[in-house]
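New to this one? Here is an informal tour, meant to be read with the model open beside the text.

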Amino acid sequence: MSRSTISVPDLRLLLLAVLGLLLAGCGPTKVVVEGNFPSPLIEPLPMKLGIWYPETFSGHEFFDEAKTRSDSSWIVQTGAAQVAMWDTLLEGMFVETIHMKGEPGPEQMNQLVDAVLIPEVDELQYAIPAHTNVKVYEIWMRYRFKLVTSGGEPIGDWTMTAYGKTPTAFLQSDQAAVNLAAVMALRDAGANFATNFTRVPQVQVFLDERGIVPLESGL
């Protein structure tokens, strides 16, 4: 009768593999936000808009470290979804949008545009039922926008908030719920921006000086 044995090197490899699995299981809960973002149903503004996404925006992620052993740390990566949403929104809001070759500045040879929009995620907060004992998942974001010339000269600077939530009734997992709440917050951000862009006082002055009139107002 034969008897199988495990050598010492094999045993070490097995223990390392088990340890690796245990460490992986203790890692943070990760969500890479994904979603669909519709184009705005509005008349585009007759303006050539440049877009510059800083790395902190296009690669944006939020990390929340666990406060207790029973909690889980979270990493919520919104960067790719941010770019997808804002590209879709801005291409629908303006007659022409152009991604800048470099960050607007005096020495930068960028394309000729009327103005360059630079968005940043100023703050992001989230809440899950484990935090609040309320059966909803929530994402709250505050954006900061800078509107500058292609040479980097400031035109306007303002903030805007966005909010999304998902009741637990629609959920299959915490990750899916946080993802959907983030998508809802991004759609809210898009709707707020499309509605209020021309109402920002500094933007109004800029548009008046350039003689840029919304198409629907010029009819």
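What follows goes from the overall picture to the sheet, then to the helices and finally to a single residue.

**The overall picture**

Keep in mind that this is a predicted model. The protein has 219 residues, and 38% of them count as buried. Its chain forms seven helices and eight strands. Among contacts with a separation of 6 or more, 69% are between residues 24 or more positions apart. As for the outside, the protein exposes about 13100 Å², with carbon and sulfur atoms supplying 54% of that area.

**The five-stranded sheet**

Start with the open sheet, whose five strands come in the order β5-β2-β6-β7-β8, with mixed pairing. At its edges are β5 (94-99) and β8 (154-167); each has a single partner strand, so one side of each is left without a neighbour in the sheet. From one strand to the next, the twist averages 30°.

In general, strands of a sheet pair through backbone hydrogen bonds, in either a parallel or an antiparallel way. The table lists some of the pairings in this protein, including one between β3 and β4.

| Strand pair | Sense | Bridges | One bridge |
|---|---|---|---|
| β2 and β5 | parallel | five bridges | L45 with F94 |
| β2 and β6 | parallel | three bridges | I51 with L117 |
| β7 and β8 | antiparallel | 13 bridges | L147 with G156 |
| β3 and β4 | antiparallel | four bridges | F63 with I75 |

Is β2 enclosed or left open by the rest of the structure? Five of the seven residues of β2 are buried, so this strand is largely enclosed.

**A strand with two faces**

Now find β3, which covers residues 61-64. Its side chains alternate: F62 and D64 point to one face and are buried, while E61 and F63 point to the other face and are not. The partner of β3 in the antiparallel pairing is β4, residues 74-77.

**Helices across the sheet**

Next, look at what lies across the strands. Helix α3 (residues 79-93) lies across β2, β5, β6, β7 and β8, and runs at about 140° to β5. Helix α6 (residues 201-210) lies across β2, β6, β7 and β8, running at about 130° to β8.

Helix α3 also packs against another helix, α5 (residues 174-196). Two packed helices are described by the angle between their axes and by the distance between those axes. For α3 and α5, the angle is about 25° and the axes are 10 Å apart. Angles under 35 degrees count as roughly parallel, and α3 and α5 are therefore roughly parallel to each other. Their crossing is right-handed. Which residues meet there? From α3 come A81, Q82, M85, W86, L89, L90 and M93, and from α5 come L186, A189, G190, F193 and A194.

**Zooming in on L49**

To finish, pick out L49, which sits in strand β2. Is L49 buried or exposed? Buried means under 20% relative accessible area, and L49, at 1% relative accessibility, counts as buried. Beyond its neighbours within four places in sequence, L49 is in contact with L90, F94, E96, T97, I98, V113, A115, L117 and L147. One of these contacts, L90, is among the α3 residues that meet α5. Another α3 residue to look at is M93: it is 44 residues from L49 along the chain, and the C-alpha atoms of the two are separated by 9.6 Å.

Notes
Residues numbered from 1 in each chain as written. Predicted model: local features only at pLDDT ≥ 70, side-chain atom pairs only at ≥ 80, totals over all residues. Heavy atoms only, no water. Buried < 20%, exposed > 50% of the residue type's maximum accessible area, 1.4 Å probe, protein only. Contact = heavy atoms within 4.5 Å. Areas by Shrake-Rupley, 256 points an atom, 1.4 Å probe, with all protein chains shown as cover. Pairing = 2+ DSSP bridges. Axes fitted to C-alpha atoms, helices over the stretch in contact; angles between N-to-C directions. Parallel < 35°, antiparallel > 145°, perpendicular 65-115°, else oblique. Left-handed = near helix turned anticlockwise from the far one by under 90°.
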